[in-house]
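Grab a viewer and work through a few short exercises. Try each task yourself before reading its solution.

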Amino acid sequence: MKKFYCLILSICCIQFSFAADFDGKSSFMFGEKDLRTVKTEFFEIIYPKRSEKTAEILYSNVDSIYREVTGIYGFEPKVRMPVVVVPGVESLNAFFSFVPYNHIVLFDTSDTGFGELQSFSESMLSIFKHELIHAVTYNMSQKNRKDVTNLTMYSAGLLFITTAMAEGASVSGESFAGEGRLNNEYAKQYVKQAKIENKFPDYDDIQGAADRSPRGAPYYFGGAFHQWLQEKYGIEKYTNFWYTLASGKKLGIKRSFKEVYGRSILAAWEDFKNDYQIPDVEPNPVKAGLASDFFTPVSDDFSHKNKSGELYKSLTASEKGIAWIDSYGRQVFYISSDKLAEKKRKPEKLFSQNGIYAISLSQNGKYIAVSKTTSNSVNVKTKVSIYDIEKNRFYDVPDEGIKDGAIIEKDGFFYLVCHKYQAPFNSLMIYKIAVNEKGIIKGVDLQASKILPLNDYVSNFADCKDGTFAAIYKSGLIFSVRKYDLDGNTLEDYKISSDPEEKINLQSMSVDGENAYFSWAKRETMPRLGKMNLKTGSFTLSEKDISGGVYWPVLLKNKTDNLEIAYIGTFYRQNMLLTIKEKDFLDFSSIKQTKEESVNVADFKTSLKQDSGSERRNDSSSPFVFCGLEQKSSSYNPYRLSNFLFLPVGIYKRENLPHLSDKKETFGSSFFLAGVTLLRSDPWLSSIKDIDLFTAGWDFFTNSIGVEYKTSPHFGTDIFSSSFDFKTEFDLNGYGWKISSADATLQSVFNVGRMSSVFFTNKSSAKIGKHTVERKLDENNKLFDYFASAKPESNTVFLDVINVFSVSYSNVHRVNSGRYNKSGFSAGIGVAYGYFRNINENRIYQNEFALQASASAYVPQLIPVSNDYGFVYNLPLRLNFDVDRIALDFSNATFSSGIETVLFGLDVQKALPFFSYLFIEDLYLTAGYNGFYKAFFSKTAEKNHYSDTLSVKLVADIALNFGIFTGSAFNLFTEFNIHFNKAKENDRLFDFDVGVYTSF
């Protein structure tokens, strides 16, 4: 007993040491120092000291934004909630959650490149507004919308709010005043393109269950549809629709819509589709003769590489060739300039990289700046690597938080230019690259760092070949092209427009000599081609729309007089790499001179040099004046009363001893529901594992009580996660204590190399208790004599300990858009320990170790053909070998191996027509062979045995398509098996199975 108590004490000490280290700052806030809190009229803003300036901006604006939002829906603000500023996550995002209480979390960082969130003049406040609209609409569940409370998780209506319903409200709401995604033509591209291609989805297909591009369909289509509802029927009826749904007055979106609007939402969707305006363009620009396929320039239709469903992006060019990213495979492809004249252009793969989102070639073609995210930290970080093409070597820049890197050359030296967010300002960062005598990069030195005015942003850096570089600059909603020297000084600033109402947006710029090529759009256009002369400051803007739009344009070095532009077209389900002739799209008679508008005069340069390195808050572009929150704020207490939630129900689950689980279990309930539960969570909760739980419950049938405490300290990434669970049960019939347990799980995932991961897991379970059985009742027993059935079998106390440690490696990854076309291998080994002891008799039943091992290999295709979009027919293959169990004394072992291929796959992405709560993602047919071998290496009566199975299986990947369960996936399968060598003599030769695999 003493040894066991020492074991339990050790586990408790480990648990409490973790709790002390985390100090209530699990998940996104782990490691943050000096958490502060400051209250406004309606909000409590929680932030670490390093985000104080961002918190001050929120402090000065959140109440007025709240009044603006509630004013849209016609009621006064009442609900209070915490708003948390998280600086550790370097991927711009935010979320609202109502579990276990209302709270908003904002990641204090900037966007990468010029994404959809560049639709805002003030990103942080606009993102807060987006999440606040979620809070307001979800809280319409109360009977009186003007007096909403802080507990919304009990409303039945909330179970039916899908992603598209929620995001439809927020995207349309964020766009109400002229900013937001519905006022950004880049964000509207997918909706336009779906109609252009005659692939407009049904209403039930955009709710959030789809697992194929465009993954943002609930935002794009939901936002546009909700905006149409508001404009056509008015905001009051729209508000009533939300109230009817969220309150549960009518269960489901369709019933709520019919109640308020008096018609079917499906009929309204058809009207919306018909009303949605698109430009008059041909769906296929290659067939229309407007563009050429990049891979097969002489073809009159898309090539196979442009029909396979790939998501190409970040096209970049140099003097020696062009490169781009294939998003599905996270691969970088390259084709040299001397191969551009070939009739079939065959790119070569340079490398793969986890987390890659952008690349930029140096002008001489020597380096590629690789921008990426990494999870090898407490939270997601952004980093930049430099890839030497000739030497096939990477150099990882040690600085974190840098984004959108580009290589600039001057006088034989190379520089890395990027931007970095230093709350709440963006900064221009310039590093000088140092190489050794062999030309290998050995480090970088910071050359210059310039802090930009508040809400200003710079990205898309490009080498001008004269020791300067160009970039797209955004101030509010005004875009311009700026030229910089390598000290970070602004040399020229050319505004494409000084009127924010024009909604002119610039993206993805490249430079060739004195000309810059870029993608641009304004209200009601597709993304178009644009060109600028960097010496004269003149813009030439295409007035021609083309299906797919123009993204990432670059000039091809193919030695022809007719300048050819390669670009990426964004189509509904995939991206395509195409080319156009410059003369066909740019009308040089419509040159827009901006030299007089450009702010490049000497006094502007002087003023920039004076204050570009300081935090300028009083100029016209940055009117906000920081005064500090030190006197208004206080320290954050993670154990304050508002972080707790009381529930009048017990959720304790009955415990048992694993080694005796084959015996008759105690008669009674699995869950002790009569009781209480106390939940504690910090207001930056992102998942259920962020909640600390204490519960106590009583079981009517056994007259037993159970008490449990559970906590799950973890980081904001998978690099570390854990859970600790402590339980004990007592019998109230006089038999006393029954069982106690302590369970712990520790897990870490480390990314190694470019595409590999290493996993470490340890699961421990220690249980001590009495085994109880169900006893037969006499005929004269009354109802309450059921309590007698819980009497322990004896007072014998058992100790049951199990520990499993495993380590595994995997570099398995997709090689293209085919979900089953994977390459790589994985391998793992585990050690299991079991100990089972009768403490009273000091008798040990089990005290042994066992080994487990597994290995898998993936072959992307057996047939050397590529799949068309939505199909799998090139026979991807998986092989596996497992040591299911081998005793450490090598007395026996169990092995299994198998091979499986996908014979055919079909991407469906459709809700069931007559039961839209289920969404079919895909169907596939597999064939496989599996063998099982049990071997005995010591003298025993048992014989070695081999069994095998040939299987053919039809599987449907299905996702739930309603409410908060939208996207929860499971597999429905039918399987036909032939057993050549039977596992048991009485087994059938053939069998047929139907079943369900769940992952939630």
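The exercises below cover a pair of helices, a helix face and a sheet in this predicted model.

**Exercise 1. Work out how H6 and H7 are oriented relative to each other.**

Start with the axes: those of H6 and helix H7 (residues 235-246) come within 7 Å and cross at roughly 130°. Now sort that angle. Over 145 degrees would count as roughly antiparallel, and 65 to 115 as roughly perpendicular. The crossing of roughly 130° fits neither class, so H6 is oblique to H7. Finally, look at who touches whom: His226, Leu229, Gln230 and Tyr233 on the H6 side meet Ile235, Lys237, Tyr238 and Trp242 of H7.

**Exercise 2. Find the buried residues of helix H9 (residues 265-275) and say where on the helix they sit.**

With buried taken as under 20% relative accessible area, you should get Ile265, Ala268, Trp269 and Phe272. Next, check their spread: they cover an arc of only 105° around the axis, so they lie on the same side of H9. Then ask what that side packs against: helix H6 (217-233) and helix H8 (253-261). While you're there, peek at the start of H9, where a side-chain oxygen of serine 264 comes within 3.0 Å of the backbone nitrogen of leucine 266.

**Exercise 3. Lay out the sheet containing S15, S16, S17 and S18, and identify its edges.**

First, the order: the four strands run S15-S16-S17-S18 in an open sheet with antiparallel pairing. Strand S15 (402-410) and strand S18 (441-451) each have a single partner strand, so they are the edges. On average, neighbouring strands are turned by 25° against each other, direction ignored. Now zoom in on S16 (residues 413-422) and S17 (residues 425-435): eight bridges join these antiparallel strands, and leucine 416 stands opposite tyrosine 431 in S17.

Note on methods:
Residues are numbered from 1 along each chain as its sequence is written. This is a predicted model: local features need pLDDT of at least 70, side-chain atom pairs count only at pLDDT 80 or more; totals for chains, interfaces and linings use all residues. Side-chain values use heavy atoms; hydrogens and water are left out. Two strands pair if DSSP finds at least two bridges between them. Helices (H or I, at least four residues) and strands (E, at least two) are DSSP runs, numbered from the N terminus. Axes are lines fitted to C-alpha atoms, for helices over the stretch in contact, and angles run from 0 to 180 degrees between N-to-C directions. Buried means under 20% relative accessible area, exposed over 50%, partly exposed in between (1.4 Å probe, protein chains only). The arc is that of the directions from the helix axis to the C-beta atoms. Contact means heavy atoms within 4.5 Å. A polar contact is a pair of N or O atoms within 3.5 Å; within protein, one must be able to donate a hydrogen and the other to accept it, and residues adjacent in sequence count only if both atoms are side-chain atoms. Angles under 35 degrees count as roughly parallel, over 145 as roughly antiparallel, 65 to 115 as roughly perpendicular and the rest as oblique.
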